[in-house]
Amino acid sequence: MQMLFKKHLYSIAISLAQSQNCDPTYITEIYQMFGDHLYGKGDHDGAIDQYIETIKSVEPSYVIRKFLDAQRIHNLTRYLQALHERGEANSDHTTLLLNCYTKLKDVSKLDEFIKKKDYEFDISTAIRVCRQAQYYEHALYLAEKHKITDLRLQIVLEDTQDFRSALKIIAALDFFEAEQNLKVHGKRLISKLPQETTELLMKLCTDYKPESEEKQDEVTPTDVGLPQKKMKANPSEFIHIFVGKPRRLKQFLEHVVKKSNHSSSVVYNTLLELYFRESIEELDKDDDDFSAAFDEKDNEIHQEENVYTENNDFAQEQTRHTTTLITHWYLQKCIGLK
């Protein structure tokens with residue numbers, strides 16, 4: 001064997017060792033020597049074939065360090081794929097492989113890795129790398145496949161900004177998950193989709209059922225005789241998300257009061273405050289119209305007065321006349337004086 005090694009006849013040495021049923025560790029060492037020899041000659045494709053045979057025996061970092069140069073990214077990708085195929089990859093290897101795919105813009109390989117083959121890899125790591133490389137479709141596919149709700153919502157809210165999809169995701173969750181996610185994301189959703197978000201909150205705080213259950217009830221209605229427990233959230237915990245949306249808040253609270261026999265004092269007080277504000281705004285609007293009209297009339301009369309300013313005596317008389325006219329017009333506007 002030593003003579004074969006000296007002449008670099010590693011292929012023959014491997015065949016001989018296998019025919020003699022030598023220890024697998026010894027055979028792996030020959031593969032490693034063969035790989036090192038080919039790598040030294042610049043035959044990187046041949047070297048990676050030999051290094052792949054050393055998986056499970058040789059530390060992956062030994063091989064990876066040799067192929068980190070950008071010109072050898074294809075060889076590195078092959079080795080990392082083999083690590084995943086043989087179940088020897090860790091999260092760092094997954095990160096490195098996905099970065100290779102994205103740098104090569106090899107969408108078909110990325111599809112194969114994520115969607116087609118059942119590789120063993122860290123899901124959270126794969127989602128993170130896909131998001132960083134702006135492969136949002138692949139990240140969302142993984143999050144949906146593995147039912148990672150938090151990451152699904154992060155992708156559609158932060159990356160793709162598909163707010164309707166976010167609402168659909170939340171509406172399909174069970175009560176407690178839907179409640180929690182609306183507390184977290186409700187303020188952003190109400191600013192983007194005020195009507196749809198308000199309607200979902202109205203359901204959540206009166207008689208919530210996930211959309212899947214609602215459709216199932218339409219097909220197979222539950223027995224009328226069996227009492228159904230209503231799941232409903234505390235509406236006062238969602239009032240704060242309606243900042244800047246008083247009309248939607250009023251719609252939300254009116255629905256809650258109508259559907260519930262015992263709403264909290266916070267709900268009633270907030271609704272009353274909204275009614276008062278509406279009334280005050282109506283009065284202010286009327287006052288604004290009145291003030292604008294008053295100012296317009298005042299300007300008209302003063303313009304007439306300026307025509308006669310050359311005669312001081314007449315100007316003084318006209319000023320008194322002006323005051324009388326303004327006073328009369330004001331009383332006429334306020335109390336209907338004829």
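In this predicted model, pLDDT stays under 50 over residues 307-312, a stretch with three contacts beyond four places in sequence. Residues 318-338 also stay under a pLDDT of 50, and for them the model has 22 contacts beyond four places in sequence. Across the protein, the average pLDDT is 83, and 79% of the residues score at least 70. The points below cover salt bridges, helix α10, one residue of helix α7 and a surface patch.

**Salt bridges**

- Side chains of opposite charge can pair when their charged atoms come close.
- The whole structure holds nine salt bridges.
- One of them joins Lys 115 and Glu 137, with 3.1 Å between the closest N and O atoms. Lys 115 belongs to helix α8 (residues 107-116) and Glu 137 to helix α10 (residues 136-145), so this pair ties together parts that are 22 residues apart in sequence.
- Lys 115 counts as partly exposed because its relative accessibility is 28%, a value between the limits of 20% and 50%. Glu 137 has 55% relative accessibility and therefore counts as exposed.
- Arg 131 and Asp 159 meet through their side chains in another salt bridge, at 2.6 Å from N to O. This pair links distant parts of the chain, 28 residues apart: Arg 131 is in helix α9 (residues 123-132) and Asp 159 is in helix α11 (residues 149-159).
- Arg 131 is buried, because its relative accessibility is 17% and the cut-off for buried is under 20%. Its partner Asp 159 is partly exposed, with a relative accessible area of 22%.
- A salt bridge of 2.8 Å, N to O, is formed by the side chains of Glu 196 and Arg 164. Here too distant parts of the chain are linked: Glu 196 lies in helix α14 (residues 194-204) and Arg 164 in helix α12 (residues 163-171), 32 residues apart.
- Glu 196 counts as partly exposed, at 28% relative accessibility.
- Arg 131, Glu 158 and Asp 159 are joined into one network by salt bridges that share partners.

**Helix α10**

- Which residues of α10 are buried? They are His 138, Ala 139, Leu 140, Leu 142 and Ala 143.
- The cover over the buried residues of α10 includes α8, α9 and α11.
- Glu 137, the salt-bridge partner of Lys 115, is a residue of α10 that counts as exposed.
- After α10 comes Lys 147, which has a positive phi, near 55 degrees.

**Thr 102 in helix α7**

- Thr 102 sits in helix α7, which spans residues 91-104.
- Is Thr 102 buried or exposed? Its relative accessibility is 13%, so Thr 102 counts as buried.
- Apart from neighbours within four places in sequence, Thr 102 is in contact with Ala 133 and Tyr 135.

**A nonpolar patch**

- Leu 272, Tyr 275, Phe 276 and Ile 280 make a nonpolar patch of about 410 Å² on the surface.
- Where does Tyr 275 lie? Tyr 275 is placed in helix α17, which covers residues 265-306.
- Tyr 275 counts as partly exposed because its relative accessibility is 34%, and residues of a patch must have over 30%.

How values were computed. Residues are numbered from 1 along each chain as its sequence is written. This is a predicted model: local features need pLDDT of at least 70, side-chain atom pairs count only at pLDDT 80 or more; totals for chains, interfaces and linings use all residues. Side-chain values use heavy atoms; hydrogens and water are left out. Patches are made of residues with over 30% relative accessible area and no salt bridge: like charges are joined within 9 Å, nonpolar side chains (Val, Leu, Ile, Met, Phe, Trp, Tyr) within 5 Å. Accessible areas come from the Shrake-Rupley method with a 1.4 Å probe; for residues, only the protein chains shown count as cover. A salt bridge is a side-chain nitrogen of Lys or Arg within 4 Å of a carboxyl oxygen of Asp or Glu. Helices (H or I, at least four residues) and strands (E, at least two) are DSSP runs, numbered from the N terminus. Buried means under 20% relative accessible area, exposed over 50%, partly exposed in between (1.4 Å probe, protein chains only). Contact means heavy atoms within 4.5 Å. pLDDT is the predictor's confidence in each residue, from 0 to 100.
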